[in-house]
Amino acid sequence: MPENVTATENQVDGQPESTGLENLLHEERSFPPSPEFAAQANARPALYEEAKADRLAFWARQATELVSWRTPFTETLDWSNAPVARWFGDGTLNAAYNAVDRHVEAGNGERVAIHFEGEPGDTRTVTYADLQREVSRAANALNALGVTTGDRVVIYLPMIVEAVVAMLACARIGAPHSVVFGGFSADALRSRIADAEAKVVITADGGYRRGSASALKPAVDEALAAKDGAEPTTVEHVLVVRRTEQDVEWTQGRDVWWHDALEAADVQHTPVWVEAEHPLFILYTSGTTGKPKGILHTTGGYLTQAAYTHKNVFDLKAESDVYWCTADIGWVTGHSYVTYGPLLNGATQVIYEGTPDSPHQGRWWEIIEKYKVSIFYTAPTAIRACMKWGEEIPNKFDLTSLRVLGSVGESINPEAWMWYRRVIGGDKAPIVDTWWQTETGAIMISPLPGVTATKPGSAQVPLPGIVADVVDDNAQPVPNGGGGYLVLSEPWPSMLRGIWGDLERFKDTYWSRFPGIYFAGDGAKKDEDGDIWLLGRVDDVMNVSGHRLSTTEIESALVSNPLVAEAAVVGATDELTGQAVVAFVILRGEHAARAADPEGAAAVELELRNHVAKEIGPIAKPRKILVVPELPKTRSGKIMRRLLRDVAENRTVGDATTLADSSVMTLIASGLAKPAGSED
Ligand code: ATP
Ligand code: MG
């Protein structure tokens, strides 16, 4: 992407050309940590110094202090077989023992591990001692079904306690799990089962969503059914959790009730000690840009970085905090920041089954008030939805227990960041905007609360122990103020060890653009302080008259207008300029009606085009702005710009199987039949 993501001397339409970030930075605000927060923070500025002085010694210390080893490691990193790393390679350990048993052994068995809140309002409190019993039973039950160390288990469950238990039971016997988000279709499930060659699937009759029971088991039955021309799957058994009491089809000999299997199982189970590089899980990426990749993570390095980041980025105090990450375990955030990070650190956390708007739009805030949640981690898409619903809703609840807020999944628009800070965080809780990927396994770039002065819209700095940079086409670091490709130049403990069964694709996808350096696929920029701003995927970057424009910047400019709740921009082929900016916007509730007739829509379009020109510069002015009722998103809530590009270029819409709601594209297409305004 590059050089000219920054402003140049070029003139466009007689005006100084600029592409934006420097404008957004003009209004940049920065929030230094309060002295009280800094005085009690887990993270200290000295962490950066320590990691810089000796990075491997730093990671060895984290691994020793945060993880319990059966056999201590003597070698920190072996990079001789790059890009496949070995971290702590001669150590042995068990992930479930680290997440559960050692806390019980340390006398904390009665500490609450999970406050579960079901969507219908049912609740369950699970202590570490309860978790130890249940995970041990589940591990014995899996053994009884013939699952042994190295076998793969697919988990397809709603957000219930059993989801965490199932993951830990697999880890306890050294069987890599592959969690598939419960919202995926039978086809998506089948392809993941086939790719991972799973022996067992753990599912439920169904779960609760938006006030009613939805079914899960039928999708498993369909995924495993014999199909013309397709190989039968390797699955021997299906373990079924009863959650909703709905009737299910039953395949004798294959299907087993979870409660029957656990009841029959012994409550004692000796964890299987595995090597640090033993596979812990395979997880398919969100599929925002295309076909998901089966990302492989191993045990020792992954657990080290999950625990280290959870402790320092969220400032976790295990004795007093109540932590809540809203991510589903179907995503990497649910792996690292629901299951492994928090439990390794002995945290007390909330797990909630349902959506934020059921039975009312204040459900999340009600839960925070009820459990006195002190650390809250969610995604920009959810924050924007809450902004759209209006701040009167969170204002009805007592949110004063909150002391750290986190964001992950996409860039957070500065406008949404400020709203999050003010309305949810009471203008005091620091916000950590955490950049990372399924592939990185754990947080890589983020402020450290109590240390870093936070900036709305910027993920800011690589964590101590992480070496990240923004480089140009020739892999040279760009100076402050410059834009380019975000890369990770040194291996890190929780890095992916490959794409399941496809070493070549692994090398090709991540290590070929800049030999020897991991390229993450994202564009970024360094501001004058050297802080990193994510600019969007490089595949999405637009090239208008030779100027490279960032999706994130233009979207943030649109969202900073009071009319706009959400925005997505894409580059569409344009005869004159190469590409032209096309924007899709959702208006905020009270303004939505304004675009109902063509005249109103034209006025909205004019106002927003001028707004972008003013905020960023005339070069970034969208050629067309379309008011839409919804945006296409993945099931994890990320905007799928490639589908919008198809719409903007009048193409048949491409592969939409990872889309959360397939009717959205029809809605958008029908909206386009009545153009919302004129172009010039
Ligand atoms: P696929 O790789 O299959 O297209 P995906 O990239 O959406 O899917 P994930 O691993 O869930 O799969 O998401 C990682 C990506 O999410 C990052 O590469 C980045 O584009 C985006 N992202 C995550 N956190 C942030 C953040 N804090 N700021 C900006 N972007 C972020
Ligand atoms: Mg990705």
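**Exercise 1. Find what holds ligand 1.**
Start here: an oxygen atom of ligand 1 sits 2.6 Å from an N or O atom in the side chain of Thr438. Keep in mind that this is a predicted model. Which other residues put an N or O atom beside an oxygen or nitrogen atom of ligand 1?

*Solution.*
- Step 1: look at the side chains. Arg537 has a side-chain N or O atom 2.6 Å from an oxygen atom of ligand 1.
- Step 2: check the backbone too. Thr434 offers a backbone N or O atom, 2.8 Å from a nitrogen atom of ligand 1.
- Step 3: see how well the ligand is wrapped. On its own, ligand 1 has 640 Å² of accessible area, and the protein covers 93% of that.
- Step 4: step back to the whole shell. There are 20 residues around ligand 1, and those that come nearest are Thr288, Thr289, Thr438, Arg537 and Lys638.
- Step 5: sort the shell by class. You get three nonpolar, 10 polar and seven charged residues.

**Exercise 2. Check the length of helix H11.**
Work out what span H11 should have, and say how its end C-alpha atoms compare with that.

*Solution.*
- Step 1: H11 runs over residues 300-313, which makes 14 residues.
- Step 2: at 1.5 Å a residue, counting one less than the number of residues, the helix should span 20 Å.
- Step 3: the end C-alpha atoms are 20 Å apart, so the model agrees with the expected span.
- Step 4: now for its surroundings. Of the 14 residues in H11, 13 are buried, so call the helix mostly covered.
- Step 5: glance past the end. Asp315 follows H11 and has a positive phi, near 55°.

**Exercise 3. Compare three salt bridges.**
The model has 41 salt bridges. For Glu566–Arg384, Asp529–Lys455 and Arg594–Glu607, say where the partners sit and whether each is buried, partly exposed or exposed.

*Solution.*
- Step 1: take Glu566 and Arg384, whose side chains meet at 2.8 Å, N to O. Glu566 belongs to strand E30 (residues 564-574) and Arg384 to helix H14 (residues 380-389), so the bridge ties together parts 182 residues apart in sequence.
- Step 2: test the burial, with under 20% as the cut-off. Glu566 has 3% relative accessibility, so it is buried. Arg384, at 5%, is buried as well.
- Step 3: go on to Asp529 and Lys455, with their closest N and O atoms 2.7 Å apart. Asp529 is in the loop between strands E26 and E27, while Lys455 is in the loop between strands E22 and E23, so parts 74 residues apart in sequence get tied together.
- Step 4: this pair is mixed. Asp529 is exposed at 55%, whereas Lys455 is buried at 4%.
- Step 5: finish with Arg594 and Glu607, where the closest N and O atoms are 3.7 Å apart. Arg594 lies in the loop between strand E31 and helix H19, and Glu607 lies in H19, so the parts joined are 13 residues apart in sequence.
- Step 6: Arg594 has 36% relative accessibility and counts as partly exposed. Glu607, at 34%, is partly exposed too.

**Exercise 4. Pick out a network.**
Which residues are linked in a network of salt bridges?

*Solution.*
- Step 1: recall the principle. Side chains of opposite charge can pair when their charged atoms come close.
- Step 2: name the members. Glu117, Arg363, Glu366 and Lys370 are linked in such a network.

Conventions
Residues numbered from 1 in each chain as written. Chains lettered and ligands numbered in written order. Predicted model: local features only at pLDDT ≥ 70, side-chain atom pairs only at ≥ 80, totals over all residues. Heavy atoms only, no water. Near = heavy atom within 4 Å. Polar contact = N/O pair within 3.5 Å; in protein donor to acceptor, adjacent residues only side chain to side chain. Areas by Shrake-Rupley, 256 points an atom, 1.4 Å probe, with all protein chains shown as cover. Nonpolar A, V, L, I, M, F, W, Y, C, P; charged D, E, K, R; others polar. Helix = DSSP H or I, 4+ residues; strand = E, 2+ residues; numbered from the N terminus. Buried < 20%, exposed > 50% of the residue type's maximum accessible area, 1.4 Å probe, protein only. Salt bridge = Lys/Arg side-chain N within 4 Å of Asp/Glu carboxyl O.
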